[in-house]
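Welcome! Please take a look at the sequence and the model below, and then let us walk through them together.

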Amino acid sequence: QGRSGTEAFVRAAPPPVLRQQPSMVKISVLRDCLNGIVNAEKRGKRQVLVRPNSKVIIKFLQVMQKHGYIGDLEIVDDHRAGKVVVDLVGRLNKCGVISPRFDVTLDGIEQLAS
């Protein structure tokens, strides 16, 4: 049977395509770690929780601990990226990351820091 001019039909719009938004990725976990430690130190906190964890962060924090800038480290293994609880002792003025990671001699550190 043919359609007459009085009949109306509605065409439904196709469902919207759900696009996955690109998520932000961490560029430098060491920079985020040290930035969190410095900010907590400025606010007078006694502990700071650092996440995610990495071997580079652990080695760097162990050197800071050996030189007396931070207290104990407690590594929390949550079967994901991991966390580190750092005890602060109030001796840290400023620390940061030199990026990209250049090979620097001991006497060249002061030149790069300024």
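From the N terminus on, the chain runs α-β-α-β-β-α, which comes to three helices and three strands. Helices (H or I, at least four residues) and strands (E, at least two) are DSSP runs, numbered from the N terminus. This is a predicted model, where local features need pLDDT of at least 70 and side-chain atom pairs count only at pLDDT 80 or more, while totals for chains, interfaces and linings use all residues. Residues are numbered from 1 along each chain as its sequence is written, and side-chain values use heavy atoms, with hydrogens and water left out.

**Buried and exposed**

Of the 114 residues in the chain, 22% are buried. Here, buried means under 20% relative accessible area, exposed means over 50%, and partly exposed lies in between (1.4 Å probe, protein chains only). The table gives some examples.

| Residue | Relative accessible area | Class |
|---|---|---|
| C33 | 3% | buried |
| C95 | 21% | partly exposed |
| D32 | 36% | partly exposed |
| H79 | 74% | exposed |
| L106 | 75% | exposed |

**The cysteines**

How many disulfides does the structure hold? The structure holds zero disulfides, a disulfide being a pair of cysteine sulfur atoms within 2.5 Å. C33 is in no disulfide, and its nearest cysteine sulfur belongs to C95, 8.0 Å away. The sulfur of C95 stays unbonded because 8.0 Å to the closest cysteine sulfur, in C33, is too far for a bond. C33 itself is part of helix α1 (residues 29-42). Its C-alpha atom is 8.9 Å from that of L49, although C33 and L49 are 16 residues apart along the chain.

**Charges**

Side chains of opposite charge can pair when their charged atoms come close. One salt bridge is present in the structure, meaning a side-chain nitrogen of Lys or Arg within 4 Å of a carboxyl oxygen of Asp or Glu. Its partners are K26 and D32, at 3.5 Å from N to O.

Another charged residue, R91, lies over the face of Y69, at 5.8 Å from the ring centre. For a charge to sit over a ring, NZ of Lys or CZ of Arg must be within 6 Å of the ring centre and within 35 degrees of the ring normal. As for aromatic pairs, a search of the whole structure finds zero; rings of Phe, Tyr and Trp (its six-membered ring) would pair if their centres lay within 6.5 Å, with planes under 30 degrees apart counting as stacked, over 60 as edge-to-face and the rest as tilted.

**Loops and backbone**

Two cis peptide bonds are worth finding. One joins R51 and P52, with omega about -5°, and P52 lies in the loop between β1 (47-50) and α2 (55-66). Another joins S99 and P100, with omega also about -5°, and P100 is found in the loop between β3 and α3.

Where does H79 lie? H79 is in the loop between β2 (70-76) and β3. The phi of H79 is near 60°, a positive value in a residue other than glycine.

**A nonpolar patch**

Finally, I98, F102, V104, L106 and I109 make a nonpolar surface patch of about 490 Å². Patches are made of residues with over 30% relative accessible area and no salt bridge, with like charges joined within 9 Å and nonpolar side chains (Val, Leu, Ile, Met, Phe, Trp, Tyr) within 5 Å. Accessible areas come from the Shrake-Rupley method with a 1.4 Å probe, and for residues only the protein chains shown count as cover. Within this patch, L106 is placed in the loop between β3 (83-88) and α3 (109-113).
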